[in-house]
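I opened the model and kept notes as I went. The entries follow in the order I looked things up.

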Amino acid sequence: MLCNLDVEGATKGQPPLDRCSFLKCTPASGAATVTGIAEPATAVTPAEDDARYIVEARFYRKLQNRKVKCTLCPRECTVRDNERGYCGVRENRGGTFYSLVHSRVAAANVDPVEKKPLFHYLPGTTAFSLGTAGCNVNCKFCQNWNISQSQPEQVPAQYVPPQRVAELAKQYGSPTIAFTYSEPVVFSEYLMDASDAGHEAGIRSIVVSNGYMQEDALKAAYGKMDAVKIDLKSFSESYYRQVVTGQLKPVLDSLVNLRKLGKWTEIVYLTVPTLNDSDQEFRGLAQWVKANLGEDVPLHFTQFHPEYLMKNLPITPVATLERAKAIADAEGLHYVYIGNVPGHPAQNTYCPKCRKMLVERVGFTASRMLIEKDHCPFCQQPIAGIWHA
Ligand code: SF4
């Protein structure tokens with residue numbers, strides 16, 4: 001949910017913002033109107049308000065006849081003057097390409113990092129989380145379609161410049177900023193500037209992304225992240241074409257490049273009944289992860305719920321998720337989780353050597369955390385992850 005503020009993230013002794021002052025839902029669109037997080041109000045005209053969200057894009061080439069080619073994601077849109085790319089948030093104005101969503105926050109919240117989910121990154125902490133309009137794919141099951149499939153003008157938003165993002169993270173006691181909700185690839189310039197501001201203030205950054213991105217852009221933008229969660233939506237090109245409107249290969253390339261960059265990365269695989277839930281696909285995925293990323297990369301098999309354009313399929317049976325986990329375990333992955341099934345024991349972290357439970361999770365809360373100095377306290381096995389601030 002985009003519209004629930006977890007005020008428990010606020011630091012003791014600091015005045016908590018009440019839920020309504022922080023973020024108010026707009027039932028008509030389902031989108032979140034963010035209030036109370038913008039910079040103190042200054043009188044600006046509508047034109048001035050519009051102008052402050054627009055910055056020149058950092059990933060494009062100029063072509064003849066005032067056309068541009070975007071080099072941010074694998075779509076490589078060629079965009080004519082006065083037109084926008086597929087994602088709807090990058091526009092050609094007179095032969096110069098612009099992002100329209102810098103500091104234009106359409107959804108914000110304070111979430112547990114376990115909700116992203118990142119299970120091997122500062123368990124029990126929160127992330128000040130935000131997103132803008134726009135996405136570079138169109139998943140038929142998107143939970144946040146109301147902002148991801150919208151143009152910037154179609155969703156209520158607030159001006160939250162990079163330094164303000166860092167201030168808000170501090171105000172809420174979050175050691176991390178999370179770029180999430182829609183698709184951070186399309187607001188890369190804002191992500192880069194806000195993560196820089198966060199790092200200057202001692203705040204880390206994480207991103208929740210589809211990984212559908214060009215290599216140079218990934219290095220420049222996600223190279224600034226402290227951890228990354230990639231939604232690997234299937235292990236089949238045909239699924240990516242038909243259900244995601246994208247391609248698998250560039251996402252696999254991004255995962256390999258994140259490993260080369262040394263970024264802590266976790267993978268989520270939304271398991272959709274009948275579409276990406278075969279033994280063969282689970283096995284192929286697990287074998288690819290082990291061979292290309294290593295056995296310590298966490299892999300989360302999460303439960304699908306009917307949403308958006310895919311309301312004809314049932315919720316994923318828990319038995320399917322357990323079958324996926326059993327296959328990935330058998331292939332030798334060390335940390336295979338089952339997600340969106342509250343109370344399932346496969347939400348806990350176990351030592352891959354002695355099998356003792358090291359992190360217990362209840363809902364989105366890490367209720368017990370036994371890892372000491374990145375090791376299992378029972379058998380001294382190293383446990384991969386970023387466990388302590
Ligand atoms: S980021 Fe947007 S404009 Fe750029 S290539 Fe991708 S979809 Fe096209």
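**Entry 1: a buried arginine**

I began with Arg 361, which is buried (under 20% relative accessible area, 1.4 Å probe, protein chains only; exposed is over 50%, partly exposed in between). Arg 361 has no salt bridge (a side-chain nitrogen of Lys or Arg within 4 Å of a carboxyl oxygen of Asp or Glu). The nearest side chain of opposite charge is Glu 114, 4.7 Å away. For charge, Lys and Arg count as positive, Asp and Glu as negative; His and the chain ends are not counted.

I noted the ground rules here: this is a predicted model, where local features need pLDDT of at least 70 and side-chain atom pairs count only at pLDDT 80 or more, while totals for chains, interfaces and linings use all residues. Residues are numbered from 1 along each chain as its sequence is written, and side-chain values use heavy atoms, with hydrogens and water left out.

What does the side chain of Arg 361 make a polar contact with? I found the side chain of Thr 349, at 2.9 Å. A polar contact is a pair of N or O atoms within 3.5 Å; within protein, one must be able to donate a hydrogen and the other to accept it, and residues adjacent in sequence count only if both atoms are side-chain atoms. The backbone oxygen of Phe 119 also lies 2.7 Å from a polar atom of the Arg 361 side chain.

I then listed contacts (heavy atoms within 4.5 Å), leaving aside neighbours within four places in sequence. Arg 361 touches Glu 114, Phe 119, Tyr 337, Gln 347, Asn 348, Thr 349, Ala 366 and Ser 367.

**Entry 2: the sheet around Arg 361**

Arg 361 is found in strand β20, residues 357-362. Helices (H or I, at least four residues) and strands (E, at least two) are DSSP runs, numbered from the N terminus. I traced an open sheet of three strands in the order β19-β20-β21, with antiparallel pairing. Two strands pair if DSSP finds at least two bridges between them. The edge strands, β19 (349-350) and β21, each pair on one side only. β20 and β21 are joined over four bridges. Val 362 stands opposite Thr 365 in β21.

**Entry 3: after β21**

Cys 376 is found in the segment after β21. Buried or exposed? I read 0% relative accessibility for Cys 376, so the residue counts as buried. Not counting residues up to four places away in sequence, Cys 376 touches Cys 351, Cys 354, Leu 358, Gln 381 and Ile 383. Cys 376 and Lys 356 are 20 residues apart in sequence and 8.5 Å apart in space, C-alpha to C-alpha.

Lys 373 lies in that segment after β21 too. Lys 373 is exposed, with a relative accessible area of 74%. Its phi is positive, near 50°.

**Entry 4: backbone exceptions**

Most residues other than glycine have a negative phi, and most peptide bonds are trans. I logged Asn 65, with a positive phi of about 60°. Asn 65 sits in the loop between β4 and β5 and is exposed, at 67% relative accessible area. I also logged a cis peptide bond between Lys 116 and Pro 117, with omega about -10°. Pro 117 lies in the loop between β10 (107-112) and β11 (126-131).

The loop of Asn 65 led me to an open sheet of three strands, β4-β5-β6, paired antiparallel. β4 (60-62) and β6 (78-79) stand at the edges with a single partner strand each, so one side of each is left without a neighbour in the sheet. Two bridges join β5 (residues 68-70) to β6. Val 68 has Val 79 as its bridge partner in β6.

**Entry 5: a covered strand**

How many residues of strand β15 (residues 227-231) are buried? I counted five of its five. Ala 227, Lys 229 and Asp 231 are on one side, Val 228 and Ile 230 on the other, and both faces are covered. In a regular strand the side chains alternate between the two faces of the sheet.

β15 pairs in the parallel sense with β14 (residues 204-209) over four bridges, and with β16 (residues 264-271) over five. Ser 209 stands opposite Ile 230. Asp 231 stands opposite Val 268 in β16.

**Entry 6: whole chain**

The protein chain has ten helices and 21 strands. Buried residues make up 55% of its 389 residues.
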